[in-house]
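Okay, thanks for coming, everyone. I'll take a few minutes to walk through one model, so have it up on your own screens if you can.

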Amino acid sequence: MNAVNALSPIAQTENIRGQFPGLANNWHYLDTAATAQKPQVVLDAMMRAGGVDYATVHRGVYARSANMTVAFEAARARVARFMCAASADEIVFVRGATEGINLIAHSWGTANLKAGDRIILSQLEHHSNIVPWQMVAEKVGAHIDVCPLTDDGQIDLDWLEAHLTPAHKMIALAHVSNVLGSVLDAKRVANAAHMVGAKLLLDGCQASPRMRLDMAELGCDFYVMSGHKLYGPTGVGVLWAKAETLNAMPPYQGGGAMIDRVTFENTTYAPAPSRFEAGTPMIIEVIGLHAAIDFIDSFGPEAIFAHESALAAHTRHALRAINAITLYGPEQSAGIVSFSMNGVHPHDIGTILDEENVAIRAGHHCAQPLMDHLGVPATARASFGIYNDEDDVLALVRGIERVKRIFG
(Lines give C-alpha, C1' and ligand atoms only; values in the text may rest on other atoms or scores of the structure.)
Protein backbone atom coordinates (compact mmCIF):
# COMPACT_ATOMS: atom_id res chain seq x y z
CA MET A 1 0.00 0.00 0.00
CA ASN A 2 2.85 2.39 0.69
CA ALA A 3 3.71 2.24 -3.02
CA VAL A 4 0.58 4.28 -3.77
CA ASN A 5 1.68 7.06 -1.45
CA ALA A 6 5.19 7.00 -2.86
CA LEU A 7 3.94 7.40 -6.41
CA SER A 8 1.17 9.88 -5.75
CA PRO A 9 1.73 13.47 -4.62
CA ILE A 10 -2.05 13.81 -4.26
CA ALA A 11 -2.06 11.11 -1.58
CA GLN A 12 0.09 13.43 0.54
CA THR A 13 -2.18 16.47 0.31
CA GLU A 14 -4.70 17.51 2.92
CA ASN A 15 -8.25 16.16 3.07
CA ILE A 16 -9.31 16.05 -0.56
CA ARG A 17 -12.12 13.63 0.26
CA GLY A 18 -13.59 16.12 2.74
CA GLN A 19 -14.20 18.57 -0.12
CA PHE A 20 -16.79 16.20 -1.63
CA PRO A 21 -20.13 16.17 0.21
CA GLY A 22 -21.24 13.10 -1.76
CA LEU A 23 -18.57 10.97 -0.11
CA ALA A 24 -19.79 11.33 3.48
CA ASN A 25 -20.26 8.28 5.72
CA ASN A 26 -17.15 6.46 4.49
CA TRP A 27 -18.67 5.55 1.14
CA HIS A 28 -16.09 3.90 -1.13
CA TYR A 29 -17.05 5.39 -4.49
CA LEU A 30 -15.30 3.57 -7.35
CA ASP A 31 -17.49 4.61 -10.29
CA THR A 32 -15.86 7.86 -11.36
CA ALA A 33 -15.62 6.70 -14.99
CA ALA A 34 -19.43 6.84 -15.03
CA THR A 35 -19.69 10.20 -13.28
CA ALA A 36 -17.43 12.05 -10.87
CA GLN A 37 -18.50 13.35 -7.48
CA LYS A 38 -18.68 17.14 -7.18
CA PRO A 39 -16.46 19.21 -4.88
CA GLN A 40 -18.08 21.83 -2.68
CA VAL A 41 -16.47 24.63 -4.70
CA VAL A 42 -18.44 23.51 -7.79
CA LEU A 43 -21.69 23.23 -5.84
CA ASP A 44 -21.15 26.68 -4.37
CA ALA A 45 -20.46 28.22 -7.79
CA MET A 46 -23.64 26.71 -9.19
CA MET A 47 -25.68 27.85 -6.18
CA ARG A 48 -24.50 31.43 -6.70
CA ALA A 49 -25.09 31.25 -10.45
CA GLY A 50 -28.60 29.94 -9.95
CA GLY A 51 -29.36 32.37 -7.12
CA VAL A 52 -28.02 35.82 -6.41
CA ASP A 53 -26.16 36.09 -9.73
CA TYR A 54 -28.77 34.53 -11.99
CA ALA A 55 -29.94 36.14 -15.21
CA THR A 56 -30.06 35.20 -18.87
CA VAL A 57 -27.04 35.64 -21.12
CA HIS A 58 -26.46 37.25 -24.52
CA ARG A 59 -29.88 38.93 -24.43
CA GLY A 60 -30.50 41.36 -21.57
CA VAL A 61 -29.37 44.98 -21.54
CA TYR A 62 -29.60 45.20 -17.74
CA ALA A 63 -26.50 44.94 -15.57
CA ARG A 64 -27.01 41.48 -14.09
CA SER A 65 -27.55 39.94 -17.52
CA ALA A 66 -24.40 41.68 -18.74
CA ASN A 67 -22.46 40.37 -15.75
CA MET A 68 -23.73 36.83 -16.26
CA THR A 69 -22.80 37.04 -19.95
CA VAL A 70 -19.28 38.05 -18.96
CA ALA A 71 -19.09 35.07 -16.56
CA PHE A 72 -20.47 32.70 -19.19
CA GLU A 73 -17.96 33.77 -21.79
CA ALA A 74 -15.18 33.75 -19.18
CA ALA A 75 -15.98 30.06 -18.72
CA ARG A 76 -15.59 29.51 -22.45
CA ALA A 77 -12.19 31.20 -22.34
CA ARG A 78 -11.24 29.06 -19.32
CA VAL A 79 -12.12 25.88 -21.19
CA ALA A 80 -10.03 27.09 -24.12
CA ARG A 81 -7.02 27.56 -21.83
CA PHE A 82 -7.61 24.15 -20.24
CA MET A 83 -7.50 22.54 -23.70
CA CYS A 84 -4.70 24.80 -24.97
CA ALA A 85 -7.02 25.85 -27.78
CA ALA A 86 -6.02 28.74 -29.99
CA SER A 87 -9.18 30.73 -29.31
CA ALA A 88 -12.37 30.69 -27.25
CA ASP A 89 -14.22 30.69 -30.60
CA GLU A 90 -13.13 27.06 -30.94
CA ILE A 91 -15.18 26.02 -27.89
CA VAL A 92 -18.80 24.95 -28.39
CA PHE A 93 -20.91 24.22 -25.31
CA VAL A 94 -23.08 21.15 -25.75
CA ARG A 95 -25.16 19.04 -23.35
CA GLY A 96 -22.42 16.41 -23.14
CA ALA A 97 -19.91 14.47 -25.21
CA THR A 98 -22.75 12.43 -26.69
CA GLU A 99 -24.35 15.53 -28.16
CA GLY A 100 -20.93 16.70 -29.32
CA ILE A 101 -20.35 13.51 -31.30
CA ASN A 102 -23.86 13.65 -32.74
CA LEU A 103 -23.28 17.26 -33.75
CA ILE A 104 -20.09 16.33 -35.61
CA ALA A 105 -21.65 13.26 -37.23
CA HIS A 106 -24.80 14.99 -38.41
CA SER A 107 -23.32 18.39 -39.26
CA TRP A 108 -19.82 17.65 -40.55
CA GLY A 109 -20.69 14.09 -41.53
CA THR A 110 -23.76 14.74 -43.66
CA ALA A 111 -22.00 17.68 -45.36
CA ASN A 112 -18.75 15.85 -46.11
CA LEU A 113 -19.41 12.11 -46.31
CA LYS A 114 -20.82 10.46 -49.43
CA ALA A 115 -21.56 6.99 -50.72
CA GLY A 116 -18.44 4.83 -50.70
CA ASP A 117 -16.57 6.86 -48.09
CA ARG A 118 -15.24 4.99 -45.06
CA ILE A 119 -15.15 5.65 -41.31
CA ILE A 120 -12.83 3.92 -38.84
CA LEU A 121 -13.96 3.14 -35.29
CA SER A 122 -12.42 0.67 -32.84
CA GLN A 123 -13.69 -2.35 -30.95
CA LEU A 124 -13.50 -0.56 -27.61
CA GLU A 125 -15.66 2.48 -28.44
CA HIS A 126 -18.50 3.69 -26.25
CA HIS A 127 -21.90 3.41 -27.91
CA SER A 128 -21.94 7.21 -28.16
CA ASN A 129 -19.03 6.97 -30.60
CA ILE A 130 -20.61 4.15 -32.60
CA VAL A 131 -24.34 4.78 -33.04
CA PRO A 132 -24.13 8.37 -34.43
CA TRP A 133 -21.69 7.17 -37.11
CA GLN A 134 -23.93 4.21 -37.96
CA MET A 135 -26.85 6.60 -38.41
CA VAL A 136 -24.90 8.92 -40.69
CA ALA A 137 -23.27 6.06 -42.62
CA GLU A 138 -26.69 4.57 -43.33
CA LYS A 139 -27.99 7.97 -44.42
CA VAL A 140 -25.20 8.78 -46.88
CA GLY A 141 -24.07 5.28 -47.90
CA ALA A 142 -20.70 5.33 -46.14
CA HIS A 143 -19.04 2.24 -44.66
CA ILE A 144 -17.64 1.62 -41.17
CA ASP A 145 -14.39 -0.28 -40.60
CA VAL A 146 -13.63 -1.58 -37.12
CA CYS A 147 -10.05 -1.41 -35.89
CA PRO A 148 -9.17 -4.48 -33.73
CA LEU A 149 -7.37 -4.46 -30.39
CA THR A 150 -4.00 -5.81 -29.36
CA ASP A 151 -3.84 -8.68 -26.89
CA ASP A 152 -3.52 -6.25 -23.96
CA GLY A 153 -6.50 -4.12 -24.96
CA GLN A 154 -4.91 -1.27 -26.89
CA ILE A 155 -6.26 -0.02 -30.21
CA ASP A 156 -4.10 -1.75 -32.81
CA LEU A 157 -2.42 1.19 -34.53
CA ASP A 158 -0.30 -1.07 -36.74
CA TRP A 159 -3.54 -2.45 -38.21
CA LEU A 160 -4.99 1.04 -38.54
CA GLU A 161 -1.98 2.41 -40.41
CA ALA A 162 -1.88 -0.64 -42.70
CA HIS A 163 -5.57 -0.34 -43.63
CA LEU A 164 -5.94 3.43 -44.04
CA THR A 165 -6.84 4.55 -47.56
CA PRO A 166 -7.87 7.83 -49.20
CA ALA A 167 -11.46 6.55 -48.96
CA HIS A 168 -11.31 7.01 -45.20
CA LYS A 169 -12.69 10.41 -44.27
CA MET A 170 -13.17 10.11 -40.51
CA ILE A 171 -11.42 8.24 -37.70
CA ALA A 172 -13.29 8.41 -34.38
CA LEU A 173 -11.58 6.89 -31.33
CA ALA A 174 -11.56 7.04 -27.54
CA HIS A 175 -8.58 8.92 -26.13
CA VAL A 176 -8.87 6.66 -23.06
CA SER A 177 -11.09 3.57 -22.95
CA ASN A 178 -13.95 3.77 -20.44
CA VAL A 179 -13.69 0.00 -19.85
CA LEU A 180 -10.01 -0.89 -20.15
CA GLY A 181 -8.31 2.39 -19.26
CA SER A 182 -6.00 2.03 -22.26
CA VAL A 183 -4.49 5.29 -23.52
CA LEU A 184 -4.39 6.06 -27.24
CA ASP A 185 -1.28 7.40 -28.95
CA ALA A 186 -3.38 10.20 -30.41
CA LYS A 187 -0.53 11.99 -32.18
CA ARG A 188 0.36 8.85 -34.11
CA VAL A 189 -3.24 8.42 -35.23
CA ALA A 190 -3.53 12.08 -36.21
CA ASN A 191 -0.41 11.86 -38.38
CA ALA A 192 -1.71 8.72 -40.08
CA ALA A 193 -5.16 10.20 -40.62
CA HIS A 194 -3.89 13.40 -42.16
CA MET A 195 -1.60 11.49 -44.52
CA VAL A 196 -4.71 10.22 -46.32
CA GLY A 197 -6.81 13.37 -45.81
CA ALA A 198 -8.99 11.95 -43.02
CA LYS A 199 -10.24 13.80 -39.95
CA LEU A 200 -9.66 12.56 -36.39
CA LEU A 201 -12.25 12.82 -33.63
CA LEU A 202 -11.17 11.99 -30.08
CA ASP A 203 -13.67 11.05 -27.39
CA GLY A 204 -11.98 12.67 -24.41
CA CYS A 205 -14.47 11.80 -21.66
CA GLN A 206 -12.02 9.64 -19.71
CA ALA A 207 -8.85 11.51 -20.71
CA SER A 208 -9.89 15.07 -19.89
CA PRO A 209 -10.17 14.66 -16.08
CA ARG A 210 -6.69 13.16 -15.77
CA MET A 211 -4.47 14.16 -18.70
CA ARG A 212 -2.95 17.43 -19.86
CA LEU A 213 -4.78 18.50 -23.02
CA ASP A 214 -3.14 20.39 -25.86
CA MET A 215 -5.11 20.47 -29.08
CA ALA A 216 -2.13 21.44 -31.23
CA GLU A 217 0.04 18.73 -29.71
CA LEU A 218 -2.63 16.03 -30.10
CA GLY A 219 -3.18 17.02 -33.72
CA CYS A 220 -6.84 15.97 -33.78
CA ASP A 221 -9.59 17.75 -35.70
CA PHE A 222 -12.39 17.34 -33.16
CA TYR A 223 -12.34 16.74 -29.39
CA VAL A 224 -15.30 16.16 -27.09
CA MET A 225 -15.61 15.90 -23.31
CA SER A 226 -18.35 15.90 -20.65
CA GLY A 227 -18.58 18.19 -17.63
CA HIS A 228 -19.83 15.56 -15.20
CA LYS A 229 -16.71 13.45 -15.65
CA LEU A 230 -14.60 16.55 -14.94
CA TYR A 231 -16.00 16.91 -11.40
CA GLY A 232 -18.53 19.35 -12.83
CA PRO A 233 -22.28 19.21 -13.44
CA THR A 234 -24.28 17.01 -15.76
CA GLY A 235 -25.97 18.59 -18.76
CA VAL A 236 -22.90 20.38 -20.11
CA GLY A 237 -20.03 19.30 -22.32
CA VAL A 238 -17.54 20.68 -24.80
CA LEU A 239 -16.87 20.25 -28.48
CA TRP A 240 -13.57 21.63 -29.75
CA ALA A 241 -12.61 22.18 -33.36
CA LYS A 242 -10.69 24.86 -35.21
CA ALA A 243 -12.77 27.94 -35.95
CA GLU A 244 -12.48 27.51 -39.71
CA THR A 245 -13.73 23.93 -39.42
CA LEU A 246 -16.72 24.97 -37.32
CA ASN A 247 -17.62 27.86 -39.59
CA ALA A 248 -17.62 25.53 -42.60
CA MET A 249 -20.15 23.21 -40.91
CA PRO A 250 -23.92 23.72 -41.23
CA PRO A 251 -25.95 24.31 -38.05
CA TYR A 252 -27.05 21.25 -36.11
CA GLN A 253 -30.19 22.76 -34.54
CA GLY A 254 -32.20 25.90 -35.26
CA GLY A 255 -33.53 28.50 -32.86
CA GLY A 256 -32.64 31.63 -30.99
CA ALA A 257 -29.04 32.81 -30.55
CA MET A 258 -27.64 30.83 -33.50
CA ILE A 259 -28.90 33.23 -36.15
CA ASP A 260 -27.68 36.37 -37.87
CA ARG A 261 -30.93 37.46 -39.56
CA VAL A 262 -34.27 35.67 -39.84
CA THR A 263 -37.00 36.33 -42.40
CA PHE A 264 -39.63 33.95 -43.75
CA GLU A 265 -37.80 34.03 -47.05
CA ASN A 266 -34.30 33.31 -45.75
CA THR A 267 -32.24 32.87 -42.58
CA THR A 268 -28.54 33.50 -42.19
CA TYR A 269 -26.53 32.04 -39.35
CA ALA A 270 -24.14 33.40 -36.75
CA PRO A 271 -20.49 32.37 -36.86
CA ALA A 272 -19.20 29.63 -34.59
CA PRO A 273 -19.54 28.89 -31.78
CA SER A 274 -22.94 30.62 -31.61
CA ARG A 275 -24.32 28.80 -34.65
CA PHE A 276 -24.17 25.55 -32.67
CA GLU A 277 -25.70 26.88 -29.44
CA ALA A 278 -29.37 27.26 -30.28
CA GLY A 279 -31.68 28.42 -27.51
CA THR A 280 -30.99 29.54 -23.96
CA PRO A 281 -27.76 27.78 -22.96
CA MET A 282 -26.95 25.78 -19.84
CA ILE A 283 -25.96 28.88 -17.85
CA ILE A 284 -25.60 27.43 -14.37
CA GLU A 285 -23.84 24.30 -15.63
CA VAL A 286 -21.28 26.29 -17.61
CA ILE A 287 -20.42 28.29 -14.49
CA GLY A 288 -20.05 25.01 -12.60
CA LEU A 289 -17.77 23.65 -15.31
CA HIS A 290 -15.52 26.69 -14.93
CA ALA A 291 -15.19 25.99 -11.19
CA ALA A 292 -14.52 22.30 -11.84
CA ILE A 293 -11.68 23.06 -14.26
CA ASP A 294 -10.15 25.46 -11.76
CA PHE A 295 -10.36 22.66 -9.18
CA ILE A 296 -8.61 20.14 -11.45
CA ASP A 297 -5.89 22.59 -12.38
CA SER A 298 -5.21 23.35 -8.73
CA PHE A 299 -3.71 19.84 -8.53
CA GLY A 300 -2.55 19.44 -12.12
CA PRO A 301 -3.59 16.69 -14.53
CA GLU A 302 -0.17 15.02 -14.31
CA ALA A 303 -0.53 14.58 -10.55
CA ILE A 304 -4.07 13.27 -10.95
CA PHE A 305 -2.95 10.78 -13.60
CA ALA A 306 -0.11 9.52 -11.40
CA HIS A 307 -2.43 9.17 -8.39
CA GLU A 308 -5.18 7.26 -10.19
CA SER A 309 -2.78 5.09 -12.19
CA ALA A 310 -1.00 4.07 -8.98
CA LEU A 311 -4.31 3.07 -7.39
CA ALA A 312 -5.29 1.11 -10.51
CA ALA A 313 -1.94 -0.69 -10.60
CA HIS A 314 -2.24 -1.66 -6.95
CA THR A 315 -5.80 -2.87 -7.50
CA ARG A 316 -4.71 -5.09 -10.38
CA HIS A 317 -1.93 -6.51 -8.24
CA ALA A 318 -4.30 -7.24 -5.35
CA LEU A 319 -7.03 -8.77 -7.52
CA ARG A 320 -4.54 -10.93 -9.41
CA ALA A 321 -3.87 -12.75 -6.12
CA ILE A 322 -7.51 -13.93 -6.13
CA ASN A 323 -7.44 -16.93 -8.47
CA ALA A 324 -11.09 -16.64 -9.51
CA ILE A 325 -10.54 -13.17 -11.03
CA THR A 326 -9.89 -12.38 -14.70
CA LEU A 327 -8.48 -8.93 -15.40
CA TYR A 328 -8.94 -7.06 -18.69
CA GLY A 329 -6.91 -4.34 -20.35
CA PRO A 330 -3.30 -3.20 -20.16
CA GLU A 331 -1.16 -3.34 -17.04
CA GLN A 332 -0.72 0.43 -17.15
CA SER A 333 -4.24 1.85 -17.23
CA ALA A 334 -5.56 5.34 -16.63
CA GLY A 335 -7.37 4.79 -13.36
CA ILE A 336 -9.75 2.07 -14.58
CA VAL A 337 -9.75 -1.66 -13.75
CA SER A 338 -12.27 -4.06 -15.32
CA PHE A 339 -12.55 -7.66 -14.18
CA SER A 340 -14.80 -10.71 -13.91
CA MET A 341 -15.08 -13.58 -11.43
CA ASN A 342 -15.56 -17.19 -12.46
CA GLY A 343 -19.17 -18.28 -12.00
CA VAL A 344 -20.39 -14.94 -10.65
CA HIS A 345 -22.33 -12.38 -12.67
CA PRO A 346 -20.94 -8.85 -12.37
CA HIS A 347 -24.32 -7.64 -11.12
CA ASP A 348 -24.02 -10.01 -8.16
CA ILE A 349 -20.51 -8.70 -7.50
CA GLY A 350 -21.83 -5.15 -7.55
CA THR A 351 -24.73 -5.97 -5.25
CA ILE A 352 -22.56 -7.64 -2.62
CA LEU A 353 -20.00 -4.85 -2.79
CA ASP A 354 -22.79 -2.35 -2.23
CA GLU A 355 -23.55 -4.15 1.04
CA GLU A 356 -19.92 -3.44 1.95
CA ASN A 357 -20.37 0.28 1.16
CA VAL A 358 -18.34 -0.06 -2.06
CA ALA A 359 -19.80 1.31 -5.31
CA ILE A 360 -18.56 -0.09 -8.63
CA ARG A 361 -20.07 -0.34 -12.11
CA ALA A 362 -21.34 -3.71 -13.30
CA GLY A 363 -22.59 -4.24 -16.84
CA HIS A 364 -21.55 -3.71 -20.44
CA HIS A 365 -20.51 -0.08 -19.79
CA CYS A 366 -22.18 1.11 -23.01
CA ALA A 367 -19.56 -0.92 -24.90
CA GLN A 368 -21.35 -4.08 -26.04
CA PRO A 369 -19.06 -4.69 -29.04
CA LEU A 370 -16.11 -4.72 -26.63
CA MET A 371 -17.92 -7.22 -24.39
CA ASP A 372 -18.43 -9.43 -27.47
CA HIS A 373 -14.71 -9.17 -28.20
CA LEU A 374 -13.85 -10.12 -24.60
CA GLY A 375 -16.29 -13.03 -24.74
CA VAL A 376 -18.32 -11.93 -21.72
CA PRO A 377 -21.79 -10.35 -21.36
CA ALA A 378 -20.52 -7.83 -18.79
CA THR A 379 -17.64 -6.96 -16.49
CA ALA A 380 -17.22 -5.37 -13.09
CA ARG A 381 -15.34 -2.05 -13.18
CA ALA A 382 -13.58 -0.07 -10.50
CA SER A 383 -12.65 3.44 -11.59
CA PHE A 384 -10.73 5.93 -9.50
CA GLY A 385 -10.92 9.67 -8.97
CA ILE A 386 -8.89 12.33 -7.26
CA TYR A 387 -10.67 11.59 -3.95
CA ASN A 388 -9.85 7.86 -3.80
CA ASP A 389 -7.09 6.41 -1.65
CA GLU A 390 -5.66 3.19 -0.27
CA ASP A 391 -8.68 2.58 1.95
CA ASP A 392 -10.89 2.34 -1.13
CA VAL A 393 -8.64 -0.34 -2.63
CA LEU A 394 -8.65 -2.28 0.65
CA ALA A 395 -12.45 -2.07 0.86
CA LEU A 396 -12.81 -3.32 -2.71
CA VAL A 397 -10.51 -6.28 -2.13
CA ARG A 398 -12.28 -7.19 1.13
CA GLY A 399 -15.59 -7.08 -0.71
CA ILE A 400 -14.32 -9.30 -3.54
CA GLU A 401 -13.04 -11.81 -1.02
CA ARG A 402 -16.51 -11.88 0.54
CA VAL A 403 -18.05 -12.47 -2.90
CA LYS A 404 -15.72 -15.41 -3.37
CA ARG A 405 -16.69 -16.87 0.01
CA ILE A 406 -20.41 -16.53 -0.75
CA PHE A 407 -20.20 -18.19 -4.17
CA GLY A 408 -17.62 -20.75 -3.04
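How far is the sulfur of Cys366 from the closest cysteine sulfur, and in which residue is that one? Before I answer, keep in mind that this is a predicted model. The closest cysteine sulfur belongs to Cys205, and it is 11 Å from the sulfur of Cys366. A disulfide needs the two sulfurs within 2.5 Å, so that pair is too far apart for a bond. Cys366 itself is partly exposed, at 27% relative accessible area.

Cys84 tells a similar kind of story. Its closest cysteine sulfur sits in Cys220, 12 Å from its own, so there's no bond there either, because the distance is too great. Cys84 is partly exposed too, with a relative accessible area of 38%. And if you search the whole structure, you get 0 disulfides.

Okay, on to the sheets. There's an open sheet of 7 strands with mixed pairing, and the order goes 2-8-7-6-5-3-4. Which strands stand at the edges? Those are strand 2, residues 91-94, and strand 4, residues 143-147. Each has a single partner strand, so one side of each is left without a neighbour in the sheet. From one strand to the next, the twist averages 20 degrees.

Let's zoom in on the strand 4 end. Strand 3, residues 118-122, runs parallel to strand 4, and 5 bridges join the two. If you want a pair to click on, Ile120 has Asp145 in strand 4 as its bridge partner.

Now jump to strand 12, residues 336-341. Is it buried or exposed? Buried: that goes for 6 of the 6 residues, so the strand is largely enclosed by the rest of the structure. In a regular strand, side chains alternate between the two faces of the sheet. Here, Ile336, Ser338 and Ser340 point one way, while Val337, Phe339 and Met341 point the other, and all of them are buried.

Strand 12 has antiparallel company, too. Strand 11, residues 325-328, is joined to it by 4 bridges, and strand 15, residues 379-383, is also joined to it by 4 bridges. Phe339 is a handy landmark: Leu327 stands opposite it, and so does Ala380 in strand 15.

Last stop, the surface. Ile259, Val262 and Tyr269 make up a nonpolar patch there, with about 250 Å² of accessible area together. Val262 lies in strand 9, residues 259-262, and is partly exposed, with a relative accessible area of 46%.

That's my tour, happy to take questions.

Key. Residues numbered from 1 in each chain as written. Predicted model: local features only at pLDDT ≥ 70, side-chain atom pairs only at ≥ 80, totals over all residues. Heavy atoms only, no water. Buried < 20%, exposed > 50% of the residue type's maximum accessible area, 1.4 Å probe, protein only. Patch = residues over 30% accessible without salt bridge, like charges linked within 9 Å, V, L, I, M, F, W, Y side chains within 5 Å. Areas by Shrake-Rupley, 256 points an atom, 1.4 Å probe, with all protein chains shown as cover. Salt bridge = Lys/Arg side-chain N within 4 Å of Asp/Glu carboxyl O. Pairing = 2+ DSSP bridges. Axes fitted to C-alpha atoms, helices over the stretch in contact; angles between N-to-C directions.
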